[in-house]
Amino acid sequence: MANNSQPEILIDDADKASIQVTGNWRQGKLGRCYGTSLLHDDAPDTSRAVRFRLSVPRTRRYDVYVYSPEVPKKSSRLAVTVQTGKARKAMFLQPPREASDWLHAGTFELATNANNYLEISNQQADGVTVADAVLLVPK
Ligand SMILES: [Ca+2]
């Protein structure tokens, strides 16, 4: 990079080493997904989750974003949990129904040696839950 700033970190569902899947998700190219695929689920009655490992080269604060692509029958609620070495924050984000967007999950200090992750689940979903990509932007 032209300046000394640390680049953003993108974690995609296709990056198997960084993803931990619980339950039966389908992987495919649906809607306007980021990269070549996303994981999707449309059975809210069964508990399912996808964890994105948040590995960072430097301990510092990061803005954490979740990508919500435009897909048919997308849930209007997205259950997200961020676990860092120090804190755990559970929240419901509100994906736009008919659009794609990066949803801000918060600002977190992520340490290089901690088991940081962001988990997407289908908890309380009212439509299709997707797990597509997560972005870390250094503060
Ligand atoms: Ca993806």
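This is a short tour of the structure, from the whole chain down to one residue.

**Whole protein.** Start with everything shown. The model is predicted. Look along the principal axes: the C-alpha atoms fill a box of roughly 40 × 30 × 25 Å.

**Secondary structure.** Colour by element next. You will find 12 strands and 0 helices. From the N terminus on, then, every element in the run is a β. The radius of gyration is 14 Å, close to the 14 Å that the globule rule gives for 139 residues, so the protein is as compact as a globular protein of that length.

**Contacts.** Now think about which parts of the chain meet. Among contacts with a separation of 6 or more, 75% join residues 24 or more positions apart.

**Buried residues.** Of the 139 residues, 32% are buried.

**The largest nonpolar core.** This core holds 30 residues. Select F52, V64, V66, V80, A105, L118 and V134, which touch the most other members. Then show the elements that give two or more residues to this core:

- strand 4 (38–41) and strand 5 (49–53)
- strand 6 (60–68) and strand 7 (78–83)
- strand 9 (101–110) and strand 10 (117–121)
- strand 11 (129–131) and strand 12 (133–138)

Which strand gives the most to this core? Pick strand 6, with 5 residues.

**Last stop: A105.** Centre the view on A105, one of the core residues that touch the most other members. What does A105 touch, leaving out residues up to four places away in sequence? Select V64, Y65 and V66. Add V80 and V82. Finish with M91, L93 and L118.

Definitions and conventions: Residues numbered from 1 in each chain as written. Predicted model: local features only at pLDDT ≥ 70, side-chain atom pairs only at ≥ 80, totals over all residues. Helix = DSSP H or I, 4+ residues; strand = E, 2+ residues; numbered from the N terminus. Rg over C-alpha atoms; globule rule 2.2 N^0.38 Å. Buried ≥ 20, exposed ≤ 12 C-beta atoms within 10 Å, placed from the backbone. Contact = placed C-beta atoms within 7 Å. Core = buried A, V, L, I, M, F, W, Y, C linked by C-beta atoms within 7 Å.
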